[in-house]
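I opened this entry to keep track of what I looked up, step by step. The topics are burial, fold, cores and the main pocket.

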Amino acid sequence: MERLLVLARHGQSEWNLKNLFTGWRDPGLTERGVAEAQAAGRALRRAGYGFDVAFTSELVRAQHTCALMLEAMGVSDIEVVRAQALNERDYGDLAGLNKDDAIARWGEAQVHNWRRSYDIRPPGGESLKDTAARVLPFYIETILPRVMAGQRVLVAAHGNSLRSLVMVLDHLGPDTVANLEIRTGEPLIYRLDATTTVASKDILTRDLAAGV
């Protein structure tokens, strides 16, 4: 039984490129973001991976990434589940602001705490702890049973929703997770054992220059 779980952050978005806080706002992918998603799909295909079900968020950049990855793999007929629980962390009042402008206004230390800490909320928004409070129940109740049944599962979501999940899978503490960076469009390959814990983890490098 494979018990395969692949996590992929969406490709570069228009607001990633502009260095804006995004959260639940819904910009699309840039040309680079499209290329990253396609390259991730090609890398998975070359490595021999396939999927039985995919999960993504209610936000366009994650949905588009998921669709592009599956298309590049030649997969068109699997179930795709969209869930608000997998949405990016809500940045509240910061959404739409340039990150450098925010630093100029509130100071680097404060903005760093809002962005990277585990339990400090930005004004009107969610902390990573808050994000985990919706991601983890969905993972345990909906995603994990599919993995443990032997289905091959893809999750295409966001930097912080995936950080909250990787924190648990990799047994990271609040201080360690502050330094965790998940690159856009780079799949994380997990295989779970019979106790639901991680048996192995790999990061699959995608080559934007590879056209096949």
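Entry 1, burial. I started with accessibility and found that 54% of the 212 residues in the protein chain are buried. I note here that I am working from a predicted model.

Entry 2, overall dimensions. I compared the radius of gyration with the globule rule: a compact globule of 212 residues would come out near 17 Å, and the protein chain has 17 Å, so the two agree. Along the principal axes, I found the C-alpha atoms filling a box of roughly 50 × 40 × 25 Å.

Entry 3, secondary structure. I counted 8 helices and 6 strands in the protein chain. Reading from the N terminus, I wrote down the order β-α-α-β-α-β-α-α-α-β-α-α-β-β. I then looked at contacts between residues at least 6 apart in sequence, and 75% of these join residues at least 24 apart.

Entry 4, the largest nonpolar core. Which members touch the most others? Among the 31 residues of this core, I list Leu 5, Leu 7, Phe 55, Ile 143 and Val 155. I checked which elements supply at least two residues each: strand 1 (4-9), strand 2 (53-56), helix 6 (128-148), strand 4 (153-157), helix 7 and strand 5 (188-192). Helix 6 provides the largest share of the core, 9 residues.

Entry 5, Ile 143. I followed up this residue on its own. Leaving out residues up to four places away in sequence, I found that Ile 143 touches Leu 5, Phe 55, Leu 86, Phe 138, Val 153 and Val 155. I also recorded a second, separate core of 22 residues, with Ala 37, Leu 70, Val 75 and Ile 78 among them.

Entry 6, the largest pocket. I turned from the cores to open space. For the largest pocket I noted a volume of about 360 Å³. Its lining has 21 residues, and those nearest the centre are Arg 9, Asn 16, Glu 88, Lys 99 and Arg 115. How do the lining residues divide into nonpolar, polar and charged? I get 5 nonpolar, 8 polar and 8 charged.

Entry 7, elements at the pocket. Helix 5 (108-116) and helix 7 (159-169) each contribute at least two residues to the lining of the largest pocket. Helix 7 gives the most, with 3 residues. I cross-checked helix 7 against Entry 4: helix 7 also supplies at least two residues of the largest nonpolar core.

How values were computed:
Residues numbered from 1 in each chain as written. Predicted model: local features only at pLDDT ≥ 70, side-chain atom pairs only at ≥ 80, totals over all residues. Heavy atoms only, no water. 1 Å grid on protein atoms, 1.4 Å probe; cavity = no way out; pocket = protein on both sides within 12 Å on 5 of 7 lines; lining within 4 Å. Points joined across faces, edges and corners; volume = space filled by probe spheres on them. Nonpolar A, V, L, I, M, F, W, Y, C, P; charged D, E, K, R; others polar. Core = buried A, V, L, I, M, F, W, Y, C linked by side-chain atoms within 4.5 Å. Buried < 20%, exposed > 50% of the residue type's maximum accessible area, 1.4 Å probe, protein only. Contact = heavy atoms within 4.5 Å. Rg over C-alpha atoms; globule rule 2.2 N^0.38 Å.
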